[in-house]
Each structure stands twice: as C-alpha cells, then as structure tokens.
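Trainee: Could we go through this one together? I'd like to learn how each label is earned.
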Amino acid sequence: MNYIELKLTVNPEFADIFMAELGEIGFETFTEESYGLNAYITEDLFSEETVDEIMERYLAMTPISYSYSTLEKKNWNEEWEKSYEPISVNGLVRVRASFHEPDDQHRFDIVINPKMSFGTGHHETTSMVLGIQGSQLAEEHQGKKVLDVGCGTGILAIMAAKLGASYVSAFDIEEWAAENSRENVELNHCEGVVVRQGTIDDEPADLYDIVLANINRNILMRDIPKYVTFMLPKAYLVVSGFYEHDITDIEQVANEAGLKKTFFDTKNNWASVVFERE
C-alpha cells in the first residue's frame, strides 16, 4: 500500500492542533519540520476533500499552505529510526528511543517511542520544561503529587516520576496520545503514574503540588484559572507552548488567578514560565 505525504506549512503554534485533526481522519505518522508538519496516510484512507475542509476551518486563524505527493511503500519504522536522534537536556537527562543504547553519563534516562504524539524533547518547549523540572523544581517533585495536562507522549509525567513524585495524574484529549503515554510509562518502569483520555474539565477532584501544562497559548489563556483549582497553596504551575512575546498575556491571566511568576526561560523565541500559587 502506497502512502500519501501531506506537507503542511503552518505557524508552529498550530502544529499540534493539525496533528490532532489529521489523526482523526486516518493520518498515522507525523514529523515536525521547520516549516510545520509532514503527515502520512495510506492511499485507501486519503480524502483530499476532507483535508481541504479541515484547512478551511483554520484559514482565518493562521496562514496555511499545503501540498500532496504519493510515496512508495517504505519501512516507516526504519525511516523514523534514521531521523530520531537522542537529545541531552542540560546534561542532566537524556531522551532516547528504545532502539538507542543508554548513556550512563546522564542522571536520568527517558525512553520515548512517540508514534503520532509530539513530545520527544526535541522541541524547545518540551526541553525547557524538562530542564525546569530537573533543576529549579527538582526537590519540589520528591514525594509530591503532579498533574500533567495534555501529556502527549507522557515525557513530562515520566520525568516527574523519575524525580521522585509519589503520584502523577496525566491526561490528553486524544486517546491515541493517552495510549502512547501508557506505553512509554511502562517502558520507563514508572510506578504511580496514571494516564487517561480526557480534559481538565473531567479531571477527578484532587489537589497537586505541581501542575505541568505544555500546550499552547490559547488553551493556557482559557484554562489557567481551572488549573489553579487543582493546586495546593504554594503549589507550582509550569506552562509552555507559546512564544516569548506572549509571556505578558499569560502572566496577566495567571496573576488574576492568584499566581505569581517565579522563573522563566526562553529558547529560539519559545518560552516557559513557572508560577507559584500565593
């Protein structure tokens, strides 16, 4: 069976949204590129009309251009393995796939087989949050409860468990992402991590010491007040998935919800911010 390759040029802020939309109509593999996304689907499931309908819904929100090509059948696992290289975050944590050998020069070793989910640590937002977890908030994880909002591959929940969190609740709106997180949690032998499919609106009532939300600006602007209802006094909220110029807007919403900024980091115009509940 041949594959159709969709090359999508789009603002990186919308990449995860399009991945979710395309995943719903049968696209099964994605690669993140400097210009946006490449997405792959078997010829028998491809509908140009359905893809066009998705693109039209977002034209008013962001510039979009896309094209199609037909690819001969390949060993996609082999192609993915060629392009997936391990990464090191601050010399503290190494993120690799299961086919890479471990490296004992790093304190933490995280194995991530991403499938359709983003979150291998290669993106600036993920690596910054991992760095914050392993440095600024390393001690705050020990024996504490952590909530991972929009967990993707589960990489942040896994890092929380490796840092000594006593319990981690992780969820994603997409079932295939939740399934991928469960697989990666098992690969990393992490106990005390519970993964489910859902949203913050159906998160079971509980209070947490740390909330992690690497999503995007619009969802954060809408949902930060909801996250606060799950936070203990003096709990931390770590947010990412937005640009440096969005920090002011994010901080305003956080301040209005009773949070104060304690730390921020930027990389290639992307930003991560730590807030503490007052």
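**Helix, hairpin and pocket**

Mentor: Gladly! In this predicted model, the buried residues of α2 pack against β1 (3-10), α1 (15-24) and β4 (64-71).

Trainee: Which residues of helix α2 (residues 48-58) are called buried, and what makes them so?

Mentor: They are V51, I54, M55 and Y58. The label asks for under 20% relative accessible area, so each of these four falls below that cut-off.

Trainee: How do you know that they line one face of the helix?

Mentor: Look down the axis of α2: the buried residues fall within an arc of 95°, and therefore they share one face. On the face turned away from that buried side sit E49 and E56, which are exposed; that word requires over 50% relative accessible area.

Trainee: Why are β2 (residues 29-33) and β3 (residues 36-42) called paired strands?

Mentor: Pairing needs at least two bridges, and 5 join these strands, so they qualify. They run antiparallel, and E32 has L37 in β3 as its bridge partner. A hairpin of 2 residues connects β2 to β3.

Trainee: And what lines the second largest pocket?

Mentor: Its space comes to about 150 Å³. There are 15 lining residues, and V89, N90, S127, M128 and K267 are the closest to the centre. β5 (87-89), α4 (124-134) and β13 (259-267) each supply at least two lining residues, with α4 giving the most, 4 residues.

Trainee: How many of the lining residues are nonpolar, polar and charged?

Mentor: The lining of that pocket divides into 5 nonpolar, 8 polar and 2 charged residues.

Notes. Residues are numbered from 1 along each chain as its sequence is written. This is a predicted model: local features need pLDDT of at least 70, side-chain atom pairs count only at pLDDT 80 or more; totals for chains, interfaces and linings use all residues. Side-chain values use heavy atoms; hydrogens and water are left out. On a 1 Å grid over the protein atoms alone, a cavity is a set of points where a 1.4 Å probe fits but cannot get out, and a pocket is an open set with protein on both sides within 12 Å along at least five of seven lines; lining residues have an atom within 4 Å of a point. Grid points are joined across faces, edges and corners, and a volume is the space filled by probe spheres set on the points. Ala, Val, Leu, Ile, Met, Phe, Trp, Tyr, Cys and Pro count as nonpolar, Asp, Glu, Lys and Arg as charged, and the others, Gly among them, as polar. Buried means under 20% relative accessible area, exposed over 50%, partly exposed in between (1.4 Å probe, protein chains only). The arc is that of the directions from the helix axis to the C-beta atoms. Contact means heavy atoms within 4.5 Å.
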